Amino acid sequence: MTEVLSNEQVASYRENGYLLLENHLPESILIEIRNEIRRFEEEAKGMTESNDRLDLEDSHTPEDPRLRRIKLPHKISEIMRDLMYSDLILAPARDLIGPNLRLHTTKLNMKSAGYGAAVEWHQDYAFYPHTNDDILAIGVIIDDMESQNGPLMVYPGSHKGPVYDHHVEGVFAGAFVPEDVGLNPADAVELKGPAGSISIHHGRIVHGSSLNTSESARRILFYEMMAADAFPIMGSMTRWDGIEDYNTRMLCGEPTIAPRLKDIPIRIPQPQPDVPISIYEIQKGMRSRSFRTIGKKA
């Protein structure tokens, strides 16, 4: 028996690798999250470089603070931590990958009006390969998401295909150009929806998002998780500080020390570039890009 998803929704996720649940969260939670974001924007005033809490836009200045990511928000915001453990987030995940769930990471990606950074096409699984791919990301849509403000886009069904090479000249670059591997840009789907909706995407699905060219913010809070029996492959970018620490990341259910193995393609995200551990910085290693950057044409 599923908790919140219909059998049709589960079947659609299995086939296409994504779901969009509109108006899933109450407005009261969105108001609390937006208030938290304002608190972090105030913290960014006066900063000259990113730190372990806040990732700054390239166009950031201390006088005009611009954030592109709040790092690990569940560790620095009680509001976002409580939401992570709620059934609003965990119930649909349990319906898709089972009752025993372990946290991989959290992040709040911010695309402010007119300059929010693009994220090049990639697969999450290329960054953190595991023994099986019962891995997903739940995105809390904080602002109405339309075509102009850089919504998440996915290639339906690509979670069942290969893990593409995300390297440039032998160094992990965290992205690739879909046309180079035979994917047709016309097949990409935008995951648009009103604030309070959630998106769910499979760890192997090809996805990305363009620059925000609108007059509206586009902010999305990601909770990334996996089945408890999915263990990181050596060379993965998953943090590993021993089994005791790993078990503190259980979101619900019971941990295990018996990895489940699945015959799936794997690439190791090594060697790493000599840049800060940030998808935005890693993707600067791309020689050609699919999306415009600030002040540049595609």
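Helices here are DSSP runs of H or I, at least four residues long, numbered from the N terminus. With that in hand, take helix α5, at residues 87-97. Right after α5 comes G98, and the phi of G98 is positive, near 105°. Keep in mind as you look around that this is a predicted model.

Let's stay with α5 for a moment. Nine of its eleven residues are buried, so the helix is largely enclosed by the rest of the structure. The buried ones are I89, L90, A91, P92, A93, R94, D95, L96 and I97.

Now move along to strand β4, residues 101-111. Eleven of its eleven residues are buried, so β4 too is largely enclosed by the rest of the structure. What does β4 pair with? Three strands come up here, starting with β3 (residues 67-71), which is joined to β4 by three bridges and runs antiparallel to it. To find that pairing in the model, look for K71, whose bridge partner in β4 is K107. Then there's β13 (residues 218-227), also antiparallel, with ten bridges to β4. A handy landmark on that side is N109, which has I220 as its bridge partner in β13. Two bridges tie β4 to strand β14 (residues 250-252), again antiparallel, and here R102 is partnered with M250. As a bit of background, strands of a sheet pair through backbone hydrogen bonds, either parallel or antiparallel.

β4 also takes you to the largest pocket, which has a volume of about 990 Å³. Forty residues line this pocket, and the closest to its centre are L72, H104, T105, T106 and K107. Which element gives the most to the lining? That's β4, with six residues. Sorted by type, the lining comes to 15 nonpolar, 13 polar and twelve charged residues.

Two of the names near the pocket centre deserve a second look. K107 is the β4 residue that bridges to K71, and its charged end sits over the ring of F222, 5.9 Å from the ring centre. For another charge over a ring, go to R39: its charged end lies 4.4 Å from the centre of the F40 ring.

The other name is L72, in the loop between β3 and α3 (73-76). Is L72 buried or exposed? Neither, quite: its relative accessible area is 31%, so it counts as partly exposed. Its phi is near 45°, a positive value in a residue other than glycine. Most residues other than glycine have a negative phi, and most peptide bonds are trans. N23 is another non-glycine residue with a positive phi, near 50°. You'll find N23 in the loop between β1 (18-21) and α2 (27-44), and with 53% relative accessibility it counts as exposed.

The peptide bonds have something to show as well. Q270 and P271 are joined by a cis peptide bond, with omega about -5°. P271 belongs to the loop between β14 and α8.

Next, there's an open sheet of four strands, in the order β5-β12-β7-β10, with antiparallel pairing. Its edge strands are β5 (119-122) and β10 (189-190), each pairing on one side only. Between β7 (residues 153-154) and β10 there are two bridges, in the antiparallel sense, and V154 stands opposite V189 in β10.

Strand β5 leads on to the aromatic rings. The structure has six aromatic pairs. One of them is W121 with F291, a tilted pair at 5.6 Å centre to centre and 35° between the planes. This pair links distant parts of the chain: W121 is in strand β5, while F291 is in the segment after α8 (279-282), 170 residues apart. Both W121 and F291 are buried. Y155 joins in too, as ring pairs link W121, Y155 and F291 into a cluster.

One last stop is I243, in helix α7 (residues 243-247). I243 has a relative accessible area of 24%, so it counts as partly exposed. Where does I243 stand relative to L88? Their C-alpha atoms are separated by 28 Å, and the two residues are 155 apart along the chain.

Terms used. Residues are numbered from 1 along each chain as its sequence is written. This is a predicted model: local features need pLDDT of at least 70, side-chain atom pairs count only at pLDDT 80 or more; totals for chains, interfaces and linings use all residues. Side-chain values use heavy atoms; hydrogens and water are left out. Buried means under 20% relative accessible area, exposed over 50%, partly exposed in between (1.4 Å probe, protein chains only). Two strands pair if DSSP finds at least two bridges between them. On a 1 Å grid over the protein atoms alone, a cavity is a set of points where a 1.4 Å probe fits but cannot get out, and a pocket is an open set with protein on both sides within 12 Å along at least five of seven lines; lining residues have an atom within 4 Å of a point. Grid points are joined across faces, edges and corners, and a volume is the space filled by probe spheres set on the points. Ala, Val, Leu, Ile, Met, Phe, Trp, Tyr, Cys and Pro count as nonpolar, Asp, Glu, Lys and Arg as charged, and the others, Gly among them, as polar. Rings of Phe, Tyr and Trp (its six-membered ring) pair if their centres lie within 6.5 Å; planes under 30 degrees apart count as stacked, over 60 as edge-to-face and the rest as tilted. A charge sits over a ring if NZ of Lys or CZ of Arg is within 6 Å of the ring centre and within 35 degrees of the ring normal.
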